[in-house]
Amino acid sequence: MPSPVRFDHLIPTTAPVVLPEPAPRLSWQLPDGAQEAAEVELTVGDTTTTRHLDGPDQVLVDWPFAPLAPRTHGTVRVRVRSAGEWSAWSEPAAFETPLQDWQARFVAPRTDAGSAPVLHGRIDLPAAARRARLHITSLGVHVATIGGQRVGDHHLDPGWTTYPARLRYRTHDVTALLHPGGNDVEILLGNGWYRGRLGWQGGRAFYGDRLAALAQLEVECVDGSTHVLATGPDWTHRASTVLADDLYDGQDTDLRGPSDTTPRPVDVLDEDLSRLVPAASAPIRAVAVVPAVAITRSPSGKQLVDFGENVVGWTRLRVRGAAGERVTVRHAEVLEDGELGVRPLRSAKATDTYLLAGTGEEVCEPSLTFHGFRYAEVAGGELVSAEAVVLSSDLPQTGWFSCSEPDVETLHENVRRGMRGNFLDVPTDCPQRDERLGWTGDIQVFSPTATFLADSAAFLTSWLRDLAAEQQPDGSVPFVVPDVLRTPSPSAAAWGDAATVVPWVLYERYGDARVLAEQFPSMRAWVDHQLDLAGDDLLWEGGFQFGDWLDPAAPPDEPFAARVDADVVATAHLVRSARIVADAAAVLGRADDPAHYGGIADRARAAFTAAYVTPDGRMTSDAPTAYAMALCWDLVTDERQRAGAGRRLADLVRFGGFRIATGFVGTPLICDALTRAGHVDLAYRLLLERGCPSWLYPVTMGATTVWERWDSMLPDGSINPGEMTSFNHYALGAVADWLHRTVAGLGPAAPGYREIRVAPQPGGGLTHAAARHVTPYGPAAVSWTRADGRLAVEVTVPPGTVAHLELPGAASETVGAGRHRREVADPVRPPATIRTVRDALDDAGIWSAWVTAAAADGLVADGAALAQRLARHLDEPVTVLPALLGWDGRDVKGTGQRLVELATR
């Protein structure tokens, strides 16, 4: 029996499943075998219709029936024929279609008392409800109740979109909340993204200065009668217990109750309802609850609660105290000198307060804000217990990774946790300071990792619609989406390229050509804008650029001051995006665009090579990011130049002592570039390095999420002195995609994983690694183990797909669905004969011994400093090392001779 049908990318954990379109695409997974044909059955009321579909298609299959009318509800199920036999029918998948004709109008409190208002309406029912739906959205965020019982389990609805263009509404099944007689419906409104602070410039009410709600309750009673309650002039409003609320600053609550419950009239607003769209992406939910691991006192005597991990959400405290006593809860990600480290929050207060009712044990928990934190400082009352409620867009996990190195597993978990915290309706840069914006550059580099780790298709498709809505007439793409910076003609490479890269990643990972069709005007407009900026020579030079943002060599307050020239970064992205647009046009079957943009990509690549690459492959901007872009994006195609670029990149990694020398642009590429250049061993050296800067340095410092800066916390435990420091950023965690594809060896070989590439490249001393991913066709997995000179690989291939096995030392092989096991000789190379300084650096054991010896004698501070001393001598015999360094044995400690002995023993 196949799995229940899935509608487009809607996540079936949301009930009811409301279809945003009248003709949704359908997907299902097979338990085994290969599909020859399928039958799809639609039931609406007493009418059942069946369609026969020939062929193997089972993912994003076009709707085979007439478009559905509004307010339709029914079921769809499927069966498949395999090896001439029909399966049983799948379980029916229930759906509804949204309303189109709103009787409701937006209503707003007539007076603004400063506290969060509550809107009130009442419906009288003559009998029990048989079916009831509440359709609701708001200007601001809302919490709805019926008869005092909460509607649904969503938080901060309707989320954050480009409100003037797209305002989402959701439909809730509220049948169980209604009863015969009077039913009170109340809607608590908070500022949220609509009227709260946005950005570090201190602005409020970016979208509007009046909170409002739109709600329509439709009820069918068991006696056959129908009833509607719609927001309108007969509604009222009153004060709530929430005295103040802001996403950045927190929430103030009076648990004694509102001071004034007098109902007051509302105003009906003349809002454009044509911008309303049914929500297609997952809601924000409480996805976990984390108990406190320690409650201690700081050096100054403050009460600190440690939740053991960096999370996003709020604290839920149980407190006792006298009536009117104030409880204050401050939040931060780290401690500094034992006290709450709030400086990275900048102007965000991240503080919740409660005035206790004095009724015994009380729950202190907000509902209209969120924070990024690991620690909470609690003052006032008697703290009984504490836990952290974790909020995120409720995206099912679809990717897992493990290996024999615990620190790498921790790194991967940190990446996953950071994504969870920053995928809160919008893919944000950080969740804690006065920012929390949808930076385009961050998600551009992270989207391959995101689509592996969680079911991100609908989430990112929704965000791309906002990107297209915010794109300026000249084709420029805002730095953040939704755009609250309002920069005129924002044009930055890597950031604007989210317009082309993210749709292409969704196509590669989910096989969704429709997202390419929907976004193609946006994609093309961005490339045309790049071309306007580049001019006739196709070199995009000059103007503002973020460049290789947060290169570790950049000063704390100059994050754009990278090793690589910003013009090289910009022109490289022009080539890449033009190629993506050409490929997307080919997928869509467009007439002239493939040749047009393919030609632009070819000419821009030739211009890039002529301007920035020497005949022997050296880059004029001699930095790792430049080589990484050139190798990964095939900007250099001449074999001599590619080989030279690969050799130079490898040497730059050695010169850096195997520490990171890349920022936001180069970091996602560096391991892939080394792998392509035949230096996967050096990629592992980068991965496993623990000195700062490196991926594992934060792990050694106790990080539970990925940091914004490589040194967000310095080795002495102090916070980076820069004004921009976050301990929860996912961008630099984009290396996880390399862990999945190269370390474990699991990646797509065709759109949507219809073909899978299994190509593990063991190294770094790892003895095992594994990855598992729920593809659109079902779970795929690769695991390998090294023992006794053999490499054993196990592969799981989902039905409806094939896998191409590319195992070390073995001929390529294609296998079908099922489980497969192969053994090959362990690809680990025997230790090389140490002749040159380069040979010694490439031996991890010798290098570690060298660093330890040189540092112990006080001759260098660390491995990076030693590597710099050796940079000019890589091809020299290791035996002359003492003379080369001036450590010729005449020094008191004889360090140079000792290094020779360590390398040649």
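This predicted model has zero disulfides. A disulfide is a covalent bond between the sulfur atoms of two cysteines. Two cysteines show how far apart the sulfurs lie. For Cys430, the closest cysteine sulfur belongs to Cys692 and is 20 Å away, so the gap is too far for a bond. Cys430 counts as buried because its relative accessibility is 0%. Cys692 is in no disulfide either. The nearest cysteine sulfur to Cys692 is that of Cys671, at 17 Å. With a relative accessible area of 24%, Cys692 is partly exposed.

**Backbone geometry**

Cys692 also takes part in a cis peptide bond. Most residues other than glycine have a negative phi, and most peptide bonds are trans. The bond from Cys692 to Pro693 is cis, with omega near 5 degrees. Pro693 is placed in the loop between H12 and helix H13 (697-700).

Another cis bond joins Asp157 and Pro158, with omega about 5 degrees. Pro158 sits in the loop between strand E12 (149-150) and strand E13 (167-173). Leu156 lies in the loop between E12 and E13 too. The phi of Leu156 is positive, near 60 degrees. Is Leu156 buried or exposed? Leu156 is buried, because its relative accessible area is 2%.

Ala494 is another residue other than glycine with a positive phi, near 75 degrees. The loop between H4 and H5 holds Ala494. At 2% relative accessibility, Ala494 counts as buried.

**Aromatic pairs**

How many aromatic pairs does the model hold? The count comes to 27 aromatic pairs. A pair of aromatic rings is described by the distance of the centres and the angle of the planes. The table gives two of the pairs.

| Pair | Centre to centre | Angle between planes | Arrangement |
|---|---|---|---|
| Phe479 and Phe546 | 5.0 Å | 80 degrees | edge-to-face |
| Tyr684 and Trp738 | 5.5 Å | 65 degrees | edge-to-face |

The pair of Phe479 and Phe546 links distant parts of the chain, 67 residues apart. Phe479 is in the loop between helix H4 (457-470) and helix H5 (498-510). Phe546 is in the loop between helix H6 (513-534) and helix H7 (566-588). Both Phe479 and Phe546 are buried.

Why is the pair of Tyr684 and Trp738 edge-to-face? The planes of Tyr684 and Trp738 stand at 65 degrees, so the pair falls in the edge-to-face class, which takes angles over 60. This pair also joins distant parts of the chain, 54 residues apart. Tyr684 belongs to helix H12 (residues 680-688), and Trp738 to helix H14 (residues 736-744). Tyr684 is buried, and so is Trp738.

Ring pairs also build a cluster. Trp200, Trp439, Phe479, Trp495, Phe544, Phe546 and Trp549 are linked in this way. Phe479 and Phe546, the pair from the table, are thus members of the cluster.

**Charges over rings**

Arginines also meet aromatic rings. The charged end of Arg685 sits over the ring of Phe658, 3.7 Å from its centre. Arg79 lies over the face of Trp86, at 4.7 Å from the ring centre.

**A buried histidine in H14**

Helix H14 also holds His740. His740 is buried, because its relative accessible area is 0%. Which side chain makes a polar contact with that of His740? The partner is His412, and the contact is 2.8 Å. His412 is also listed among the residues in contact with His740, once neighbours within four places in sequence are left aside. The others on that list are Phe401, Phe452, Leu453, Gly745, Leu746 and Ala771.

**Helix H8**

Helix H8 (residues 593-612) has 20 residues. At 1.5 Å a residue, H8 should span 28 Å. The end C-alpha atoms of H8 are 28 Å apart, so the span agrees with the expected value.

An α-helix has 3.6 residues a turn, so residues three or four places apart point the same way. Which residues of H8 are buried? They are Asp593, Tyr597, Gly598, Gly599, Ile600, Ala601, Ala604, Ala607, Phe608, Thr609 and Tyr612. What covers these buried residues includes H6, H7 and helix H10 (639-655).

Methods
Residues numbered from 1 in each chain as written. Predicted model: local features only at pLDDT ≥ 70, side-chain atom pairs only at ≥ 80, totals over all residues. Heavy atoms only, no water. Phe/Tyr/Trp six-rings, centres within 6.5 Å; stacked < 30°, edge-to-face > 60°. Helix = DSSP H or I, 4+ residues; strand = E, 2+ residues; numbered from the N terminus. Buried < 20%, exposed > 50% of the residue type's maximum accessible area, 1.4 Å probe, protein only. Lys NZ or Arg CZ within 6 Å of the ring centre and 35° of its normal. Polar contact = N/O pair within 3.5 Å; in protein donor to acceptor, adjacent residues only side chain to side chain. Contact = heavy atoms within 4.5 Å. Expected span 1.5 Å × (residues − 1). Disulfide = S-S within 2.5 Å.
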